[in-house]
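Here are a few short exercises to work through with the structure open beside you. Try each one before you read its solution.

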Amino acid sequence: MRENNIKVVATSSYLPASELTNEDLEKLVDTSDEWIQSRTGIKKRRIAKDETVLDLAYRAAKLAIKKIKYDVRKIDLIICATISSEHIMPSVASSLQGKLKLNDQEITCFDLNAACTGFIYALNVATQMLNSGNYKSALIVGAEKLSNVVDYTDRNTCVLFGDGAGAMIIENSNNNPAYFYTSSSGDLQNYLYLKDKIKLNGPKVYEFAITIIPHTIKTLLKNTKTSIDDIDMIIPHQANYRIINAAANSLNISNDKFYVNIRNYGNTSAASVIIALDEYLNQKPRKENQKIMLIAFGGGFTWGGAILSI
Ligand code: ACO
């Protein structure tokens with residue numbers, strides 16, 4: 001596993017204001033707060049009422065830029081990971097360039113679909129592009145309005161998903177090692193499928209998830225010769241609290257090593273890892289020079305992980 005080097009200069013997260021609680025869902029489908037909490041760990045999720053995926057992406061990007069008063073003129077690469085955009089073309093990334101008033105600049109912009117692993121795929125791609133020497137500064141966004149693609153009459157899926165966005169700005173560096181591992185299984189069974197609305201074979205995806213998370217963690221540790229004790233925090237994709245628990249138990253890693261915020265936001269697909277990472281990094285006191293592991297899996301199936309020095 002080749003060492004890359006990137007400096008994470010800012011992270012951010014944006015959650016739309018409106019909440020959809022388990023009690024609200026009890027009025028829509030045959031479910032209960034007790035069932036949802038005990039099977040998934042989710043209590044509520046956010047719903048973007050009047051905002052599009054682009055709006056969510058823009059708000060997250062602006063927050064990251066504002067946080068460190070970043071000179072946006074440095075940005076020469078924008079990647080948006082999403083599966084729920086209102087339109088395929090133009091890309092959210094291109095529209096974001098315009099909304100950030102950067103349309104007079106030469107910027108490479110594209111969207112990336114790797115389902116819930118999208119942010120880690122996008123970060124991997126951006127890192128390789130920066131480390132090639134041809135780019136200097138990348139804005140990477142995970143933005144989802146899953147309420148666009150959730151069927152609120154299907155209790156198998158509607159309890160799981162929420163809306164939100166997160167952003168990260170990265171630059172080249174000489175002393176912040178970063179490692180990536182990404183892959184896919186070529187699933188033709190459509191266990192997790194999105195045409196107009198998300199369809200999910202819950203038990204099949206669950207089975208896959210509790211195997212692939214430990215596999216991804218072990219692969220990253222082995223190939224980078226890192227001990228789990230050297231990792232300050234694992235930020236997993238927030239799909240189901242039980243999945244994270246099962247992965248922790250199977251590896252004999254303490255649950256405290258996994259950052260979990262699924263209770264408040266549900267599964268926000270490509271936005272979930274960056275929202276959780278930003279929340280974790282905002283905690284006080286903030287420890288410097290941390291080794292953070294990101295882990296995700298999603299439709300495709302896709303999976304991947306990263307070890308970052310932040
Ligand atoms: N409320 C009440 N009962 C329900 C609900 C609900 N919302 N949903 C399903 N049930 C019922 C089922 O009908 C079933 O009833 P039955 O026994 O009478 O047939 C029973 O509960 C058990 O159903 P299972 O599907 O076996 O429940 P399970 O414990 O597996 O939990 C869940 C379902 C939460 C979906 C779980 O399988 C899971 O988390 N799967 C993974 C989902 C996931 O990780 N998705 C991430 C990828 S998302 C992406 O990439 C975009």
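The exercises below concern a predicted model and go from the whole chain to single residues.

**Exercise 1. Find out whether the radius of gyration of the protein chain agrees with that of a compact globule.**

Solution. Start with the chain length, which is 310 residues. For that length, a compact globule would have a radius of gyration near 19 Å. The protein chain has 18 Å, so the value agrees with the rule. Next, look at the outline: along the principal axes, the C-alpha atoms fill a box of roughly 55 × 45 × 40 Å. Finally, turn to the contacts. Among those between residues at least 6 apart in sequence, 78% join residues at least 24 apart.

**Exercise 2. Describe the cover and the partner of strand 1.**

Solution. First locate strand 1 at residues 4–14. Ten of its eleven residues are buried, so the strand is mostly covered. For comparison, 59% of the residues in the protein chain count as buried. Then follow the pairing: ten bridges join strand 1 to strand 7 (residues 163–184), and the two run antiparallel. One place to check this register is lysine 7, which stands opposite glutamate 171 in strand 7.

**Exercise 3. Decide whether glutamine 97 is buried or exposed, and list what it touches.**

Solution. Begin with the position of glutamine 97, in helix 4 (residues 92–99). Its relative accessible area is 13%. Buried means under 20%, so glutamine 97 is buried. Now look for its contacts, leaving out residues up to four places away in sequence: glutamine 97 touches Ile78, Leu102, Asn103, Gln105, Ile107 and Cys109.

**Exercise 4. Locate two residues with positive phi that are not glycine, and classify their exposure.**

Solution. Recall that most residues other than glycine have a negative phi. Lysine 69 has a phi of about 45° and sits in the loop between helix 3 (53–67) and strand 4 (77–81). With a relative accessible area of 77%, lysine 69 is exposed. Asparagine 190 has a phi of about 55° and belongs to the loop between strand 7 and strand 8 (192–194). At 40% relative accessibility, asparagine 190 counts as partly exposed.

**Exercise 5. Find two cis peptide bonds and place them in the fold.**

Solution. Keep in mind that most peptide bonds are trans. A cis bond joins lysine 284 and proline 285, with omega about -5°. Proline 285 lies in the loop between helix 10 (272–281) and strand 11 (291–298). Another cis bond runs from glycine 300 to phenylalanine 301, with omega near -25°. Phenylalanine 301 is in the loop between strand 11 and strand 12 (302–309).

Methods: Residues numbered from 1 in each chain as written. Predicted model: local features only at pLDDT ≥ 70, side-chain atom pairs only at ≥ 80, totals over all residues. Heavy atoms only, no water. Helix = DSSP H or I, 4+ residues; strand = E, 2+ residues; numbered from the N terminus. Buried < 20%, exposed > 50% of the residue type's maximum accessible area, 1.4 Å probe, protein only. Contact = heavy atoms within 4.5 Å. Rg over C-alpha atoms; globule rule 2.2 N^0.38 Å. Pairing = 2+ DSSP bridges.
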